[in-house]
Amino acid sequence: MIAQLHPTEGVLAIARRLEDAGFEAWCVGGAIRDALLGGHPLDWDLATPATPTDVRDLFGKRRTIPVGIEFGTVKVLDEAGVPHEITTFRRDVHTDGRHAVVEFGASLDEDLSRRDFTINAIAFRPKTGEVRDPFGGQTDLRDGVVRAVGDANERMREDRLRALRAIRFASRFEFSIEPETLGAIRSSAPYLRRLSHERVQQELVKTMQQVPRAGGALRIWRDVGALAVLVPALATVSDMALATLDTLPRDGEGGRATPQRTSNRVTALFLDVQPAMVRRALSELRFSKHETSWATSIVERWDARGAKMAAALVDGRPDDVQVRRWLASLGRLYSGAFLRIACARWSVMRSAGLVAPTEGAVRSLHRRMRGSLFCDPIELADLAIGGDDLRGAGIPAGPIYAKILHALLELVLADPSRNTPDALLAAVPAIVASLGAGGTSTDHHSTEH
């Protein structure tokens, strides 16, 4: 295992500088864990008896960033400009479950003893090649176990976020959670409300980004009671919704950086929640206004149209008019993501023995929608005439304009060739007459059929 520990040249140069100045330099944390698991981490951190002042004096102000002086942490830029955290050996003096007060002057083993899990409490000294593993982290890596360092309940009390981190690590590496640690996570659940909304959101997003089968991780959140405390709208989230996450690819899978995949997973998690509750939950978790609006909009479309679309696809091949109407009701921005999420959900439904559209039917629909996306008129802005043209035709301005334009959109959805100024203006008198008679058949909701 030791042969797999190959810090980058930048980290080795920083370690040599510390050692030459008389300070031990140990690589610690997630890079050690990931390297021992066969990965090739680039983000290596170091622990040392040097104080933050020592580190800044040694590397100079231009190469150091005081990101957490009070906690003993300084970022040092290597020769390539890559930042690495250098943290002073420390021990906890006090913690309230979110914030810790630390003191310096600890030994390496004391510093490792304050870490969360044994697999993260392994240190490697590049100068000597020594590996320090006082809590059996290498054994737990070999056995596929997430185990708290020392007393599991105490570790959870020190930082409540550790409960969620344990679940993420176990799910990411397909490890089991050691029974006492799992019990401590379950006991910690009622106290998770002490975590800030931002930290919960970050952990949720990391889970979506890092865990291939994110549904399994969120299932543990649910089963230990964490979801009920942190996201009440998801307290009883179904196994089907969770399985949908596992069917959606994560960002970076297949070597593709696609942040939209993370948004798709977050949206799929809320697919069975009322849209108003989705908006409230995501806002409370401090997702951005754009992310909140995006997920809510897709859930609204699923709630309004998902079942009808599924039924039509199961019954047969929808005609071109129906495809354009669906595309119009989904909108250009949302159609692709909606179909990816719907395809994942329908796949899970089929696996559960339920009637749902086949993957082939959804792919065919996606191709046909893509063909119409930018060549057919599907939105009011695509119409060949607008309000100025209606005014020029002698129609007084007012709410009737919106009704006329929606009726015209319905005409061109049925027959795109009618999207010319002459053809649309010729249709206006009949539309105005029907509206004057109290007709509502041309209301814009007809695009949702």
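In this predicted model, strand 1 (residues 26-28) and strand 2 (residues 45-48) pair in the antiparallel sense over three bridges, and within that pairing Trp-26 has Ala-47 of strand 2 as its bridge partner. Ala-47 also stands opposite Thr-87 in strand 5, and strand 2 pairs with strand 5 (residues 83-88) in the parallel sense, again over three bridges. The points below follow the sheet outwards from these strands, and then turn to a helix pair and a pocket.

**The sheet**

- Seven strands make up an open sheet of mixed pairing, and their order across the sheet is 3-4-5-2-1-8-9.
- Strand 3 (64-68) and strand 9 (130-132) each have a single partner strand and stand at the edges, so one side of each is left without a neighbour in the sheet.
- From one strand to the next, the twist averages 30 degrees.
- Strand 1 pairs with strand 8 (residues 123-125) in the antiparallel sense over two bridges, and here Cys-27 stands opposite Phe-124 of strand 8.

**Helices packed on the sheet**

- Helix 1 (residues 9-20) packs on the sheet and touches strand 1, strand 2, strand 4 (73-77), strand 5 and strand 8, while its direction makes about 10 degrees with that of strand 2.
- Helix 3 (residues 52-59) also packs on the sheet, where it touches strand 3, strand 4 and strand 5, and its direction makes about 15 degrees with that of strand 4.

**Helix 10 and helix 12**

- Helix 10 (residues 214-223) packs against helix 12 (residues 239-247) at an angle of about 145 degrees, and their axes are 6 Å apart.
- On the side of helix 10 the contact is made by Ala-214, Gly-215, Gly-216, Leu-218, Arg-219 and Arg-222, and on the side of helix 12 by Asp-239, Leu-242, Ala-243, Leu-245 and Asp-246.
- Sorted by character, the residues of this contact of helix 10 with helix 12 comprise five nonpolar, two polar and four charged.

**The second largest pocket**

- The second largest pocket has a volume of about 460 Å³, and it is lined by 18 residues, of which Pro-249, Leu-339, Arg-340, Arg-363 and His-366 lie nearest its centre.
- Helix 13 (260-269), helix 17 (332-351) and helix 18 (359-373) are the elements that give two or more residues to the lining of this pocket, and helix 18 gives the most, with six residues.
- The lining residues of the second largest pocket divide into six nonpolar, five polar and seven charged.

Terms used: Residues are numbered from 1 along each chain as its sequence is written. This is a predicted model: local features need pLDDT of at least 70, side-chain atom pairs count only at pLDDT 80 or more; totals for chains, interfaces and linings use all residues. Side-chain values use heavy atoms; hydrogens and water are left out. Two strands pair if DSSP finds at least two bridges between them. Helices (H or I, at least four residues) and strands (E, at least two) are DSSP runs, numbered from the N terminus. Axes are lines fitted to C-alpha atoms, for helices over the stretch in contact, and angles run from 0 to 180 degrees between N-to-C directions. Contact means heavy atoms within 4.5 Å. Ala, Val, Leu, Ile, Met, Phe, Trp, Tyr, Cys and Pro count as nonpolar, Asp, Glu, Lys and Arg as charged, and the others, Gly among them, as polar. On a 1 Å grid over the protein atoms alone, a cavity is a set of points where a 1.4 Å probe fits but cannot get out, and a pocket is an open set with protein on both sides within 12 Å along at least five of seven lines; lining residues have an atom within 4 Å of a point. Grid points are joined across faces, edges and corners, and a volume is the space filled by probe spheres set on the points.
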